[in-house]
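Reader: I would like to go through this model with you and ask how each label was earned. Could you set the values against the cut-offs as we go?

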Amino acid sequence: MTIDTHAHLDMVQYEEDREDVIRRARDGDAAAFRRVAEAYERRLFRIAYRMTFDAEEARDLGQEILLRLHRNFARYDPERPFEPWLGRGATNVCLNWRKRPRRVEAVGGTDELDRRAPPPVPPGAGPGDAERLRRELHELPAEYRLVLAL
């Protein structure tokens, strides 16, 4: 695994001047928006994945969340914390996704991320517990899954 040192340095720099970057992105600076998007894309993917259990859907939702962020950034009040505002927007996009008609999953198909990254299982759990946990979480109503996803 290689570490992109430029990306790491960008993230360190982003943390140092985060409020300024967020302010500039809110004011329409495309480069600043790109930095905000890069800083939060993994977090947004995780929120979307925990709501969908589908990596492809989560990537699509992540893009939709960023589009809505771009469209609505001017509504952000810089006097309030940014992360909760962004998280609420991400949650709303995911909840709206839950209301859409479902696409049919391929027979026998499982998502690549499902096979690689089982949900966290408590220490001492037996074999098969991760898959059972995944099935149980998937069965939860959206409002209960939301609490666990965040």
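Reader: What makes Arg68 partly exposed?

Author: Happy to start there, with the reminder that this is a predicted model. Arg68 has a relative accessible area of 28%. Partly exposed covers the range between under 20% and over 50%, so the label fits.

Reader: And why is Glu64 called buried?

Author: Its relative accessible area is 19%. Buried means under 20%, so Glu64 falls on the buried side of the cut-off.

Reader: How do you know that Arg68 and Glu64 form a salt bridge?

Author: Their side chains meet with N and O 3.0 Å apart. The rule asks for a side-chain nitrogen of Lys or Arg within 4 Å of a carboxyl oxygen of Asp or Glu, so the pair qualifies. Both residues lie in helix H4, four residues apart, which is about one turn of the helix.

Reader: What makes a network out of Asp20, Arg23, Arg24, Arg26, Asp27 and Asp29?

Author: Shared partners: salt bridges that have residues in common join these six names into one network. One of the bridges pairs Asp20 with Arg24, whose closest N and O atoms are 3.2 Å apart. These two are four residues apart in helix H2, so about one helical turn separates them. Asp20, at 30% relative accessible area, is partly exposed, and so is Arg24, at 25%.

Reader: Why does the pair Arg26 and Asp27 count as a salt bridge?

Author: Their N to O distance is 3.9 Å, and the cut-off is within 4 Å, so the pair is counted. Arg26 has 27% relative accessibility and is partly exposed. Asp27, at 53%, is exposed, because that label begins over 50%. By this rule the count comes to eight salt bridges.

Reader: What makes a set of residues here a nonpolar core, and which members touch the most others?

Author: Members must be buried residues of the nonpolar kinds in the rule, joined through side-chain atoms within 4.5 Å. The largest such core has 27 residues, and Val36, Tyr40, Leu44, Leu69, Phe73 and Phe82 touch the most other members. Helices H2 (18–26), H3 (30–52), H4 (55–72) and H5 (82–99) each give two or more residues to this core. H3 supplies the largest share, with 11 residues. In soluble globular proteins, nonpolar side chains tend to be buried together.

Reader: How do you know that the protein is built from helices, and how many are there?

Author: There are eight helices and zero strands, and reading along the sequence gives α-α-α-α-α-α-α-α. Of the 150 residues, 32% are buried. Among contacts between residues at least 6 apart in sequence, 61% join residues at least 24 apart.

Reader: Where is confidence lowest, and where is it highest?

Author: Helix H6 (residues 112–116) has the lowest confidence, at a mean of 42, while H4 has the highest, at 94. The protein averages a pLDDT of 77, and 71% of the residues score at least 70.

Reader: Which stretches have a pLDDT under 50?

Author: Residues 1–10 stay under 50, and the model gives them one contact beyond four places in sequence. Residues 104–118 also stay under 50, with 14 contacts beyond four places in sequence. Where pLDDT is low, the predicted coordinates should not be read in detail.

Notes: Residues numbered from 1 in each chain as written. Predicted model: local features only at pLDDT ≥ 70, side-chain atom pairs only at ≥ 80, totals over all residues. Heavy atoms only, no water. Buried < 20%, exposed > 50% of the residue type's maximum accessible area, 1.4 Å probe, protein only. Contact = heavy atoms within 4.5 Å. pLDDT = per-residue confidence, 0-100.
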